[in-house]
Amino acid sequence: MKKLFSSLAIVALATASVGAFAASHGGAMSDKDKADMTEKCAKMDPAKADEKMKADCKKFMEMKK
């Protein structure tokens with residue numbers, strides 16, 4: 001019984017660790033995505049761009065700092 005409890009505790013901790021690692025790295029942009037976003041923001045015409053694009057570029061530029 002003691003071995004069973006120990007095994008279950010180890011499995012629970014391992015699952016929590018893997019879940020936390022996946023959650024913390026899930027939203028990172030790849031290098032290709034960063035390059036594409038930089039190019040789009042550089043070519044963006046503020047007069048013609050929609051509000052979503054402006055907000056995305058502003059957020060991306062703040063993130064780079």
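Being four residues apart in helix α2, Asp36 and Lys32 are separated by about one helical turn, and their side chains meet in a salt bridge with an N to O distance of 3.3 Å. Of the two partners, Lys32 is exposed, at 59% relative accessible area, while Asp36 is partly exposed at 31%. The model in which this pair is found is a predicted one, and the count of salt bridges in it comes to four.

Helix α3 offers further pairs to look at. Lys52 and Asp56, four residues apart in this helix, are likewise separated by about one helical turn, and their side chains form a salt bridge at 3.0 Å, N to O. Here Lys52 counts as exposed, with 57% relative accessibility, and Asp56 as partly exposed, with 27%. Lys54 and Glu51 are three residues apart in α3, about one turn of the helix; the closest N and O atoms of their salt bridge are 3.7 Å apart. Glu51 is exposed at 59% relative accessibility, whereas Lys54 is partly exposed at 30%. Side chains of opposite charge can pair when their charged atoms come close.

Turning to the overall fold, the protein has three helices and zero strands, giving the order α-α-α from the N terminus on. Mean pLDDT is 78 for the protein, with 78% of residues reaching 70 or more. Among the elements, helix α2 (residues 31-43) has the highest mean pLDDT, 85, and helix α1 (residues 2-25) the lowest, 73. Where pLDDT is low, the predicted coordinates should not be read in detail.

As for the interior, 9% of the 65 residues count as buried. The largest nonpolar core is made up of six residues, namely Met37, Cys41, Ala49, Met53, Cys57 and Phe60. Helices α2 and α3 (51-64) are the elements that give two or more residues to this core, and α3 gives the most, with three. Within the core, Met37 is a helpful residue to follow: leaving aside neighbours within four places in sequence, Met37 is in contact with Met29, Asp56, Cys57 and Phe60. Asp56 thus appears both among these contacts and in the salt bridge with Lys52.

On the outside, the protein exposes about 5,800 Å², of which carbon and sulfur atoms supply 66%. Met1, Leu4 and Leu8 form a nonpolar patch on the surface, together presenting about 390 Å² of accessible area. One of these residues, Leu8, is placed in helix α1 and is exposed, with a relative accessible area of 54%.

How values were computed: Residues are numbered from 1 along each chain as its sequence is written. This is a predicted model: local features need pLDDT of at least 70, side-chain atom pairs count only at pLDDT 80 or more; totals for chains, interfaces and linings use all residues. Side-chain values use heavy atoms; hydrogens and water are left out. pLDDT is the predictor's confidence in each residue, from 0 to 100. Buried means under 20% relative accessible area, exposed over 50%, partly exposed in between (1.4 Å probe, protein chains only). Accessible areas come from the Shrake-Rupley method with a 1.4 Å probe; for residues, only the protein chains shown count as cover. A nonpolar core is a set of buried Ala, Val, Leu, Ile, Met, Phe, Trp, Tyr and Cys residues joined through side-chain atoms within 4.5 Å. Contact means heavy atoms within 4.5 Å. Patches are made of residues with over 30% relative accessible area and no salt bridge: like charges are joined within 9 Å, nonpolar side chains (Val, Leu, Ile, Met, Phe, Trp, Tyr) within 5 Å.
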